[in-house]
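Colleague: I have a chain open on the screen and would like to go through it step by step. Please take my questions one at a time.

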Amino acid sequence: MAVFVVHEHHASHLHWDFRLEMEGVLKSWAVPKGPSMDPKDKRLAVMVEDHPLEYGGFEGTIPEGQYGAGEVFIWDKGKFVLEKGDPEKGILEFRLEGRKLKGQFALTQMKKAGPKNWLLIKRRDQHAVDGYEIEQIKVRARNTAKK
Ligand code: MN
């Protein structure tokens with residue numbers, strides 16, 4: 001089984017980076033609203049550059065002046081099973097075994113909206129949570145002060 005990790009990334013805009021171990025790297029998507037356990041939610045997931053597998057264990061602060069500056073936390077991680085599809089075809093169906101994210105999910109490319117735009121969707125199963133609201137690990141005082 002391969003690993004998945006979700007980083008909560010307090011960059012200039014808070015987002016969650018959803019990463020799947022595939023082909024020896026972490027395929028990565030930036031999810032502005034974060035993953036949801038509610039099958040009714042279709043979460044925009046913007047494909048970003050592959051990351052090395054070692055990055056899956058990273059937590060810390062990306063320094064000011066660097067791309068993505070801000071704090072990074074591991075929001076969830078675990079094993080996953082790829083059940084169908086591949087990134088080239090624009091469809092991935094998989095089962096997550098994390099602490100927060102569990103069960104069947106899909107990532108589907110929205111080709112008309114540009115090749116980098118995908119949707120992350122929870123499939124209906126026994127793990128689905130209607131009305132799911134994501135819990136942030138931490139809100140930086142200086143981020144909240146800006147708003
Ligand atoms: Mn990020």
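**Overall form and metal site**

Modeller: With 147 residues, a compact globule would have a radius of gyration near 15 Å, and the chain agrees with this because its value is 15 Å. Keep in mind that this is a predicted model.

Colleague: In what order do the elements of the chain run from the N terminus on?

Modeller: The secondary structure amounts to one helix and nine strands. Read from the N terminus, the order is β-β-β-β-β-β-β-β-β-α.

Colleague: What share of the residues of the chain count as buried?

Modeller: A residue is called buried when its relative accessible area is under 20%. Applied to the 147 residues of the chain, that cut-off gives a buried share of 48%.

Colleague: Is H9 buried or exposed?

Modeller: H9 belongs to strand β1, which covers residues 2-10. Its relative accessibility is 8%, and the cut-off for buried is under 20%. H9 therefore counts as buried.

Colleague: Which residues coordinate the manganese ion?

Modeller: The donors follow the spacing H-x5-H-x1-D along the chain. Their distances to the manganese ion are 2.1 to 2.3 Å. The atoms are ND1, NE2 and OD, and the residues, in that order, are H9, H15 and D17.

Colleague: With which side chain does the side chain of H9 make a polar contact?

Modeller: Leaving out residues up to four places away in sequence, H9 touches L14, H15, D17, I62, G68, E71 and V72. One of these, at a relative accessible area of 5%, is buried. The polar contact has a length of 3.3 Å, and the partner is the side chain of D17.

Colleague: In which sense do strands β6 and β7 pair?

Modeller: β6 spans residues 70-86 and β7 spans residues 91-98. The two form a hairpin with four residues between them, and G90 in the turn has a positive phi of about 80 degrees. They pair over eight bridges, and the sense is antiparallel.

Colleague: What is the bridge partner of L96 in β8?

Modeller: L96 lies in β7, where it is the bridge partner of F80. β7 also pairs with β8 (residues 102-109), in the antiparallel sense over seven bridges, and these two strands form a hairpin with three residues between them. In β8, the partner of L96 is G103.

Notes:
Residues are numbered from 1 along each chain as its sequence is written. This is a predicted model: local features need pLDDT of at least 70, side-chain atom pairs count only at pLDDT 80 or more; totals for chains, interfaces and linings use all residues. Side-chain values use heavy atoms; hydrogens and water are left out. Buried means under 20% relative accessible area, exposed over 50%, partly exposed in between (1.4 Å probe, protein chains only). A polar contact is a pair of N or O atoms within 3.5 Å; within protein, one must be able to donate a hydrogen and the other to accept it, and residues adjacent in sequence count only if both atoms are side-chain atoms. Contact means heavy atoms within 4.5 Å. Donors are N, O and S atoms within 2.8 Å of the metal (3.2 Å for Na, K and Ca); water is not among the atoms, so sites may look incomplete. The radius of gyration is taken over C-alpha atoms; the globule rule is 2.2 Å times the number of residues to the power 0.38. Two strands pair if DSSP finds at least two bridges between them.
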